[in-house]
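Please open the model in a viewer and keep the selection panel at hand. The tour below proceeds from one selection to the next and states what is found at each stop.

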Amino acid sequence: MRKEKFIIIGFIIMSFNSLYQYSWNALEPLLREGFNVSIVEISLGFSLFTIFSSGFKPLGGNFADKIGPRKVALLSSILSALGFLGTSFSPSVYIFFIFWSLGSIGEGILYGIASNLAVKWFKKRMAFATGLVSLGFGLGSTFANPFILMSGNFRLVTLIIGLTELIILPILSLLIEYPKLESGKSPKEAVLSRTFWFIYLSFVTATIPLLVISSSLSIIGKALPFQELSILISIFPILSGFGRPIFGHIADKLGVIKTTVIVDIIIILGGASLLFSQIIPAVVIIGLAGGAVITLYFNVSGIVFGTRYSTVNNGILYTGKAVAGFLGSVIFNYIFLLSPFLAYLFIIISSTVGAVTLYGIFHHAQPAEGSSQIRRGL
């Protein structure tokens with residue numbers, strides 16, 4: 001088959017990956033009721049997902065770049081399925097946390113491998129290809145969420161999801177491969193670069209609004225009618241998914257870095273909508289733009305540091321999602337309980353830091369830190 005097959009494989013893998021993040025709003029009330037715990041307690045599950053998903057991505061990416069992605073993807077597929085299967089049979093919330101964390105490790109590594117299939121194989125249209133693969137990260141939950149919301153019990157749906165993953169993901173893993181000839185900076189060279197850590201800061205702060213909506217939409221929208229809230233929970237992954245190839249296509253035309261700054265600014269507007277109690281516009285704006293943020297930052301990293309070690313370099317960058325996940329779930333929920341106004345202000349400030357930081361570092365790019373690649377990205 002031609003290299004386009006990797007877009008299809010990556011898309012399907014991402015569709016399953018999305019269930020850990022974009023089905024959380026549908027699963028969270030069922031988990032909270034099933035384990036009889038508070039909102040803050042169950043929100044730890046989402047934080048654990050972001051921590052383990054992000055934290056193990058560099059390790060998995062390092063092995064994938066060095067020995068090839070197949071064996072790494074196969075093991076990760078089993079772990080991802082185990083997360084849902086274990087959830088189905090968890091007798092307590094603490095056992096759930098353990099299985100959810102194990103599944104999140106598999107999801108995170110698979111996410112890195114799937115997205116880097118596009119980064120590595122489609123250098124000329126990197127942003128659009130990555131967007132198409134990541135489209136699955138939205139659409140997967142779109143199909144699953146209505147069934148989860150109607151189920152009334154988390155055990156059956158997580159069992160079905162886990163068994164389906166256990167069958168499909170290992171098969172797809174055996175079809176994965178990376179191109180042979182690539183160039184780029186090693187992880188050591190990347191992390192010793194000042195530019196990398198400014199990109200990291202920008203990524204963390206720009207991602208917080210997306211993770212707030214992903215983890216806390218059921219709380220933010222509690223005043224909405226149940227049917228309206230259910231529709232928002234269902235369409236949010238669609239918006240996030242379709243935003244990725246749309247902004248990816250724009251980025252290939254306009255420049256990846258310039259487009260990423262624009263997307264960051266759009267997210268600020270979404271946060272401002274929440275401040276004025278415009279929940280539906282906020283969900284639409286943050287969904288479309290926020291979904292594109294992660295893939296665009298992967299492309300920024302690929303442009304600046306090359307693609308030879310992009311799985312591990314992007315994996316290190318992706319650990320910022322763990323930081324953003326904690327800030328966007330546990331910290332946001334804590335602030336929200338004190339004052340919704342302050343919580344929404346927190347979203348606006350964080351996304352503003354993301355936009356300003358990214359614009360600042362590339363507007364004043366230093367020659368020693370890859371300005372030729374940066375200028376092409378602009």
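Contact, as the word is used on this tour, means heavy atoms within 4.5 Å. The model is a predicted one.

**Stop 1: Ile233**

Begin by selecting Ile233, which is found in helix α11, residues 226–254. Its relative accessibility is 6%, so Ile233 counts as buried. Display its surroundings next: apart from neighbours within four places in sequence, Ile233 is in contact with Asn25, Ala26, Asn145 and Leu217. Add Ala144 to the selection and follow the C-alpha atoms: those of Ile233 and Ala144 are separated by 11 Å, while the two residues lie 89 residues apart along the chain.

**Stop 2: Ser23**

Keep Asn145 and Ala144 displayed and select Ser23, in the loop between α1 (5–22) and α2 (24–35). Is Ser23 buried or exposed? With a relative accessibility of 1%, Ser23 counts as buried. Its side chain makes polar contacts with two other side chains: that of Asn145 at 2.7 Å and that of Ser141 at 3.3 Å. Residues up to four places away in sequence being left out, Ser23 touches Ser18, Ser141, Ala144, Asn145 and Ile148. Asn145 thus appears at both stops so far, as a contact of Ile233 and of Ser23.

**Stop 3: the salt bridges**

How many salt bridges does the structure hold? There are two.

For one of them, select Arg32 and Glu28, whose side chains meet at 2.6 Å, N to O. These residues are four apart in helix α2, and therefore about one helical turn separates them. Compare their accessibilities: Arg32 counts as partly exposed at 25%, whereas Glu28 counts as buried at 2%.

For the other, select Asp65 and Lys120, whose closest N and O atoms are 3.2 Å apart. This pair links distant parts of the chain, with Asp65 in helix α4 (residues 57–67) and Lys120 in helix α6 (residues 93–121), 55 residues apart. Asp65 is buried, its relative accessible area being 8%. Lys120 is buried as well, with a value of 2%.

**Stop 4: Ser53**

Select Ser53 in helix α3, residues 39–55. Ser53 has a relative accessible area of 1% and is buried. Which side chain is joined to that of Ser53 by a polar contact of 2.7 Å? The partner is Glu107. Expand the selection to the contacts of Ser53, sequence neighbours within four places again being left out: Leu48, Ser104, Ile105, Glu107, Gly108 and Tyr318.

**Stop 5: Ser273 and Leu274**

Move to Ser273, which lies in helix α12, residues 256–275. Ser273 is buried, with a relative accessible area of 14%. Beyond its neighbours within four places in sequence, Ser273 is in contact with Gln278, Pro281, Ala282 and Ile285. For Ile285, the C-alpha to C-alpha separation from Ser273 is 8.9 Å, and the two are 12 residues apart in sequence.

Now select Leu274. With sequence neighbours within four places set aside, Leu274 is in contact with Ile213, Ile220, Ile279, Ala282, Ile286, Tyr344 and Ile347. Ala282 is therefore a residue to keep displayed, because it is in contact with both Ser273 and Leu274.

Leu274 also leads into the largest nonpolar core, which has 108 residues; Phe96, Leu274 and Phe332 touch the most other members. Which helix gives the most to this core? It is α13 (residues 279–305), with 15 residues. In soluble globular proteins, nonpolar side chains tend to be buried together.

**Stop 6: the nonpolar surface patch**

For the last stop, turn on the surface and select Phe198, Leu201, Phe341, Leu342, Leu345, Ile349 and Val353. These residues form a nonpolar patch with about 580 Å² of accessible area together. The elements that give two or more residues to the patch are α10 (194–220) and α16 (340–363). The largest share, five residues, comes from α16. Finish on Leu345, in helix α16. Its relative accessible area is 30%, and Leu345 is therefore partly exposed.

Definitions and conventions:
Residues numbered from 1 in each chain as written. Predicted model: local features only at pLDDT ≥ 70, side-chain atom pairs only at ≥ 80, totals over all residues. Heavy atoms only, no water. Buried < 20%, exposed > 50% of the residue type's maximum accessible area, 1.4 Å probe, protein only. Polar contact = N/O pair within 3.5 Å; in protein donor to acceptor, adjacent residues only side chain to side chain. Patch = residues over 30% accessible without salt bridge, like charges linked within 9 Å, V, L, I, M, F, W, Y side chains within 5 Å. Areas by Shrake-Rupley, 256 points an atom, 1.4 Å probe, with all protein chains shown as cover. Salt bridge = Lys/Arg side-chain N within 4 Å of Asp/Glu carboxyl O. Core = buried A, V, L, I, M, F, W, Y, C linked by side-chain atoms within 4.5 Å.
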